[in-house]
Amino acid sequence: MANQTKKELLQAAYRATMKALGYDPDKNYGSTPPPVRISYPAEGQPDWTADDDVVFIAFEDVPGDDTTQPVHEEWETKGDKLRKTHYSNRVVRFTWTAYGPHAYDNMIQLRHTLLDGADALRKAGLYIIPSPETPRYVPELYGGLWWERADLAFSFNNMLVWDETVTPIETVPVDVHDNPGTSEHTIETTAQVGPYGIIIIED
């Protein structure tokens with residue numbers, strides 16, 4: 001599986017969230033924004049009312065978890081070259097911000113589904129890191145009105161795979177010297193790198 005882009009990661013979270021909350025992730029909403037969103041309104045103003053249930057998804061790499069943290073690597077011969085496959089792990093954190101009269105209840109349902117194993121996330125190579133995270137009920141004051149709001153966040157492991165073509169060294173120049181204390185004698189030669197190590201060939 002190729003490394004997922006930001007858009008692909010968010011799409012996987014979108015599908016998982018839609019299913020968890022009882023919506024059809026394949027439904028075409030046309031010009032009407034869906035109840036689960038991976039971006040905020042471009043103009044910055046809410047395009048929903050306090051009576052609408054809406055969920056926003058955001059994600060980031062977790063600070064302190066290096067995206068190049070090595071897991072293992074594999075080497076494969078490809079003709080006269082080598083291919084190195086390097087596996088590393090990154091930890092990404094998704095944050096859900098829910099608005100509406102069912103905001104808190106929706107986050108309770110989502111939490112259960114995520115911990116139970118969301119198929120859409122597993123298929124995207126996202127594996128939840130179990131934690132005691134719970135929804136936070138945080139009503140938000142906007143435009144003189146208190147809006148119902150609840151937040152939830154979870155971290156996930158995500159495997160990264162990097163392929164690199166390596167050209168092996170076939171020969172290198174080598175100078176062979178006698179032991180110190182004896183008459184100096186130098187042989188200019190080459191070393192051939194083969195499958196069984198280095199072979200010294202006198203020129």
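## Reading contacts, cores and salt bridges

Me: Which residues does F94 touch, not counting residues up to four places away in sequence?

Reply: F94 touches L9, L10, A13, I57, A58, F59, L126, L152, A153, F154 and F156. Keep in mind as we go that this is a predicted model.

Me: Which residues have the most contacts inside the largest nonpolar core?

Reply: Start with the general idea: in soluble globular proteins, nonpolar side chains tend to be buried together. Here the largest nonpolar core has 30 residues, and those with the most contacts inside it are F94, W96, M107, L114, L121, L126 and F156. Two or more residues of this core come from each of α1 (6-20), β2, β4, α2 (103-117), α3 (119-123), β5 (126-128) and β9 (149-166).

Me: Which element gives the largest share of this core?

Reply: That is α1, with 8 residues. There is also a second, separate core of 5 residues, which includes V54, F56, Y99 and W147.

Me: Let's turn to the strands. In which sense do β1 and β2 pair?

Reply: Strand β1 (residues 36-37) pairs with strand β2 (residues 54-61) in the parallel sense, over 2 bridges. To find the spot, look for R37, which stands opposite F56 in β2.

Me: How many bridges join β2 to β4?

Reply: There are 8 bridges between β2 and strand β4 (residues 81-99), and these two strands run antiparallel. Here F94 comes back into view: within β4, F94 is the bridge partner of F59. F59 is also among the residues that F94 touches.

Me: What about the surface? Which residues form a nonpolar patch there?

Reply: Y104, I108 and Y137 do, and together they have about 290 Å² of accessible area. Two members sit in helix α2: Y104 and I108. To read exposure, use the cut-offs: under 20% relative accessible area is buried, over 50% is exposed, and in between is partly exposed. Y104 counts as partly exposed because its relative accessibility is 36%. I108 is partly exposed too, at 38%.

Me: What does Y104 touch, not counting residues up to four places away in sequence?

Reply: Y104 touches P135, Y137 and A150. Take P135 as an example of reading along the chain and through space: Y104 and P135 are 31 residues apart in sequence, yet 6.9 Å apart in space, C-alpha to C-alpha.

Me: Now for charges. How many salt bridges are there?

Reply: The general idea is that side chains of opposite charge can pair when their charged atoms come close. In this model the count comes to 8 salt bridges. One of them joins R15 and D26, whose closest N and O atoms are 2.8 Å apart. This pair links distant parts of the chain, with R15 in helix α1 and D26 in the loop between α1 and β1, 11 residues apart.

Me: Is D26 buried or exposed?

Reply: D26 counts as exposed, because its relative accessibility is 55%. Its partner R15, at 28%, counts as partly exposed.

Me: Where do D119 and K123 lie?

Reply: Both lie in helix α3, 4 residues apart, about one turn of the helix. They form a salt bridge with closest N and O atoms 3.2 Å apart. K123 is exposed, at 59%, while D119 is partly exposed, at 36%.

Me: Which residues are linked in a network of salt bridges?

Reply: The network links R136, E140, R149 and D151. Within it, the side chains of D151 and R149 meet at 2.8 Å, N to O. D151 is buried, with a relative accessible area of 11%, whereas R149 is partly exposed, at 21%.

Methods. Residues are numbered from 1 along each chain as its sequence is written. This is a predicted model: local features need pLDDT of at least 70, side-chain atom pairs count only at pLDDT 80 or more; totals for chains, interfaces and linings use all residues. Side-chain values use heavy atoms; hydrogens and water are left out. Two strands pair if DSSP finds at least two bridges between them. A nonpolar core is a set of buried Ala, Val, Leu, Ile, Met, Phe, Trp, Tyr and Cys residues joined through side-chain atoms within 4.5 Å. Buried means under 20% relative accessible area, exposed over 50%, partly exposed in between (1.4 Å probe, protein chains only). Contact means heavy atoms within 4.5 Å. Patches are made of residues with over 30% relative accessible area and no salt bridge: like charges are joined within 9 Å, nonpolar side chains (Val, Leu, Ile, Met, Phe, Trp, Tyr) within 5 Å. Accessible areas come from the Shrake-Rupley method with a 1.4 Å probe; for residues, only the protein chains shown count as cover. A salt bridge is a side-chain nitrogen of Lys or Arg within 4 Å of a carboxyl oxygen of Asp or Glu.
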